[in-house]
Amino acid sequence: MTSTREETGTRVCRLADIEVEGGVVALVDGEAVAVLRTYDDEVFAVSNYDPVGRASVLSRGIIGTRQIDGVDVPFVASPLHKQGYDLRTGVCLDDPDTRIPTYAARVSADGDVWVGAKELHEPECD
Amino acid sequence: MMAHLRHRLVVVGHGMVGHRFVQAAIERGLTETHDIVVLGEEPRAAYDRVALTSYFEVGDDALSLLPLGAYDDPRVELRLESEVVAMDAVEQTVTLADGETLAYDQLVLATGAAPFVPPIEGRDLPGCFVYRTIEDLEAIREAAEGARVGAVIGGGLLGLEAAKALSDLGLETHVVEMAPRLMAVQVDDAGGATLRRHVEDLGLRVHTGATTTAVLGDDHVTGLGLEDAEPIAADVVVFSAGIRPRDALARAAGLDLAERGGVLVDEQGRSTNHPTVWAIGECAAPGGRMYGLVAPGYTMAEVAVDALLGGSGAFTGADMSTKLKLMGVDVASFGDAFATTPDSLELVFSDAVAGIYKKLVVSDDGTRLLGGILVGDATAYGLLRPMVATDTNPGIPLPANPEELILPASRGGGTGGVVLPDEAQVCSCNDVTKGQITAAVADGGTCDSPGCVTACTAAGATCGSCKPLVKSIVEDYFTAQGRSVDRSLCEHFALTRQELFEVVAIHQYTSFDQIVAGHGRGRGCDVCKPVVASILATQLNGHVLEGANRTLQDTNDAYLANIQRNGTYSVVPRIPGGEITPEKLVVIGEVARDFGLYTKITGGQRIDLFGARVEELPLIWRRLVDAGFESGHAYGKSLRTVKSCVGSTWCRYGVQDSVQLAIDLELRYRGLRSPHKLKGGVSGCARECAEARSKDFGVIATEKGWNLYVGGNGGATPAHARLLAGDLDTETLVRYLDRFLMYYIRTADRLQRTAPWVDSLDGGLDRVREVVVDDALGLGAELEAAMATHVGGYFDEWKATIEDPDKLARFVSFVNAPDVPDPHISFRDERGQAVPEDSAGPVLLGATIPVGAP
Ligand code: SRM
Ligand SMILES: Cc1cc2nc3c(=O)[nH]c(=O)nc-3n(C[C@H](O)[C@H](O)[C@H](O)COP(=O)(O)OP(=O)(O)OC[C@H]3O[C@@H](n4cnc5c(N)ncnc54)[C@H](O)[C@@H]3O)c2cc1C
Ligand code: SF4
Ligand code: FES
């Protein structure tokens, strides 16, 4: 069941439905998932729930980069209290002990955005 | 009078010191036992005579020390236009001009001083004036109408003030001084010469060592006759040849007087031969000496009240140090300025080109500072004052090379906060030491800038004369620590907001991509993106949700509403000036009821509707817009509200229509994006029911027009707005406001309200006045044009949003399930309204809900 989903996942919208450096919230297997698009058209999916502000809002945050060890890390800032979350790992950049779930996400050749299952382990960064 | 009855205390003279006496009497409870009758000769209550020269600029309301014309203590009776013509110290009575006689138990003379008019021929001719009261200035202004040339007799502090007034009135102005230099009392020859050059650069003609022999003219002044010099033609003459204590009443009543005049009193202010009579201020001569400054007068007033309450306070002389800005020229004189101390040495720095003269008087062994004179640049005053040694106070030991204290930084000197020991008092107004200031910025401390130090320690918060020193102490400290004040916005931009604003304006950028490509790095963050959004909004006047700039908007702007803790939003329709029709009130009520919104009256005279789901916002606003409402911008760093009081329309005290002005201003500046939120207020009279002075801009009605106050703030560090200009007609008021707001928007830091912004400017409020009122930078027209563009380009963001499907697309619960409401949001009932329920964590919707692509 889960496995099949991982291959297919859920088609949530078209890439064009997400603004560059913007986000949408999608309902995936009953969960609220923030689907966020970076400047270079990469799409990331993380839980929409802000564990600090305790509300389902992350898709409405500002998206940008924070430089960490020379790398520009794509991140979203919570609209409530501005904690930043690494879009690749879900780790909170202001409190490494806090982490939000991430989901596999991809854009198909014809421009559909797919969200897969929750990523339980460190994602092999694509 | 019998003991069980209340005593009557009569105060003669309602000037600066008389007023301070009454204030202290009320505060300290003297009115519990005494009824106070104050008899003032002038037609108006006490006003700030020290600032008399600004009268033409700001008007009398602004100068008044008692704007309501009465004390709010029923046991104090203030009678104006009542001159006391006689006193009887034995019968204990005073007689008024109209013959009325009043008995007193205690009599306080606060009659001040009068200008000295030398007994020369022609002194009474029409066209001759003195410079002491508002009436004097009124008369001078009138006479200046038809006149061309003015002459001031006396080149002292007051004479130069009068001369400035005359040249401001457009007269060719001469200053005639008998002594060989200007301000002979405060500065030496070299200082006087430097001062003279400054004054002449301003177009005034200075004649020193010139004795006036007569005022020429038959039925009106035509000029001045001078001793062995050509006469000066003039049609207005102002006498400013010193002052004399007004001690005539006391003299006639047989009170002891000092030999150079003034009521002779002891250290508490009590007449030396009539203990029920007191004298304070310029009419008094404690220990035989009179003081021509207000501060000693205030001290005498406090001491006298203390004594009347049985206290033991005493007045033992005053520090006559002076620092003032005369016609934009710094002049300071302190301690033994003329090196009268035996064997004292003088250190002098002077730069004729820059017009700077500085002198230090030091003890023979060079270890103690005795006094000094500063002309042209008095920044060191704050540093030097606390160092001065007197008989009673050892002062602060001088550093090894004292000359550094007056050398310009370029020549090895500096304002030199470093040389001060920690216990040195830097701010005398608020008694803050250097130690406290460095502690505030030290690692443990809370501050990272001079402005913050002023806010936290109050150093520099009153007269401001110590600000340059505070600044240099902080900077010296940082340099010593190898720390520099980093003002860059964030990791993406090494620029301040102001620099960024200029960059965008110069290159006419329209997008974040252009700006970050040209001047930044990375892809920005939640700090720089909203700043860029705000700058672009000010410069382009576009819709904040338009195109690529949408994703720059901060949380609240992004949805044109204020996000709440549970992810819902609040809705605040604009209610200009707080005025609303019953019909519109009903609409708000219906909308709130139909969408189940928590409803509250805000602190901003309008109504906030809380708990709207993101997908409900467009529906709510459709209803509101149809009923004629528009966005209230509660979500924007932009104008919030202009609070009003009911004003002359209804209020029995109102002198102007404050509601109309508040509405006009709110509609003019609505939607204006700025570094931080902006708030205004308009009160219909001096009672200030609109609390206008707690706002970024506050307007208070006067008989003649409006007084404009700026830089007020509530919030974490409250500040009262301060007067920018007075008695303005509405058109001028709006012009100044346009300039003020645009100047703020262009130069303030991110999230810097107007109060800290004004303080952060070199010169503070004076600087703002130079730019906004005097148009010193010649920016006025440009700033007004920028505001005109904003006003012309305004449209309602919410109306435009609900009419644009693209913009509406984002207002959904789920992109792939628009009709499924967010299950994380739930409410409970409190006091009959819906309030957020705390969230237990992420919610998983039963897989039963059909999920598919749109
Ligand atoms: C609703 C209201 C409280 C109320 O129930 O009365 C309110 C609510 C908020 N205030 Fe306020 N303030 C409200 C009047 C005030 C006032 C009083 C006034 O305006 O007369 C003040 C003090 C006056 C002043 O601003 O100088 C005030 C000083 C602040 C501050 C501190 C500002 C400062 O300079 O220190 C903040 C924090 C900030 O802006 O950084 C703030 C921030 C906020 C925010 C916007 C915080 C946020 O971003 O969510 C609150 C949400 C508003 C919302 O959800 O609609 N609010 N706030 C008032 C709305 C007024 C309006 O109609 O627009
Ligand atoms: C242009 C100007 C600039 C100045 N600049 C400074 C400055 O920079 N720093 C500084 O420290 N000082 C300055 N001063 C001096 C300062 O104003 C005075 O020291 C201060 O006003 C003294 O207060 P006072 O109450 O003793 O006298 P006043 O303020 O003159 O008050 C005396 C009042 O008593 C009234 N009165 C007199 N006789 C009678 C009577 N018989 N019956 C009823 N009422 C009577 C008078 O009408 C007057 O209103 C300046 C003065 C002027 C004119
Ligand atoms: S401030 Fe306004 S309401 Fe208050 S007394 Fe004056 S006019 Fe009346
Ligand atoms: S000396 Fe610091 S404010 Fe006046």
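Let's start at ligand 3, which is surrounded by Cys645(B), Val646(B), Gly647(B), Cys651(B), Tyr653(B), Gly654(B), Gly684(B), Cys685(B), Arg687(B), Glu688(B) and Cys689(B). Sorted by class, this shell holds 6 nonpolar, 3 polar and 2 charged residues. The cysteines count as nonpolar in this scheme, and the glycines as polar, which is worth keeping in mind as you look at the site. Please also keep in mind that the model is a predicted one.

Now move to ligand 2, again with chain B around it. Here the shell has 28 residues, and the closest are Glu41(B), Glu42(B), Arg132(B), Glu282(B) and Val294(B). By class, the shell around ligand 2 splits into 12 nonpolar, 9 polar and 7 charged residues. Which helix gives the most to this shell? That is helix α1 of chain B, spanning residues 16–27, with 3 residues.

Individual atoms of ligand 2 can be followed to their partners. One of its oxygen atoms is 2.5 Å from a side-chain N or O atom of Glu42(B), a residue also listed among the closest to the ligand. An oxygen atom of ligand 2 is also found 3.0 Å from a side-chain N or O atom of Arg49(B). With Val84(B) the backbone takes part: one of its N or O atoms lies 3.0 Å from a nitrogen atom of the ligand. How much of ligand 2 does the protein cover? On its own the ligand has 990 Å² of accessible area, and the protein covers 93% of that.

From the ligands, let's turn to the place where the two chains meet. On the chain B side, 44 residues are in contact with 35 residues of chain A. The size of an interface is often given as the accessible area lost when the parts come together. For chain B and chain A, that buried area is about 3200 Å², with 54% of it on carbon and sulfur atoms. Three residues stand out in chain B's share: Arg523(B), Asp526(B) and Val815(B) supply 19% of the area that chain B buries against chain A, more than any other three residues.

Polar and charged pairs also span this interface. There are 6 salt bridges between chain B and chain A. One salt bridge joins Glu19(A) to Arg550(B), whose closest N and O atoms are 2.6 Å apart. Across the interface, 19 residue pairs are in polar contact, with both residues at pLDDT 80 or more. As for composition, the side of chain B that touches chain A has 19 nonpolar, 14 polar and 11 charged residues.

Conventions
Residues numbered from 1 in each chain as written. Chains lettered and ligands numbered in written order. Predicted model: local features only at pLDDT ≥ 70, side-chain atom pairs only at ≥ 80, totals over all residues. Heavy atoms only, no water. Contact = heavy atoms within 4.5 Å. Buried area = accessible area lost by both parts, 1.4 Å probe. Salt bridge = Lys/Arg side-chain N within 4 Å of Asp/Glu carboxyl O. Polar contact = N/O pair within 3.5 Å; in protein donor to acceptor, adjacent residues only side chain to side chain. Near = heavy atom within 4 Å. Areas by Shrake-Rupley, 256 points an atom, 1.4 Å probe, with all protein chains shown as cover. Helix = DSSP H or I, 4+ residues; strand = E, 2+ residues; numbered from the N terminus.
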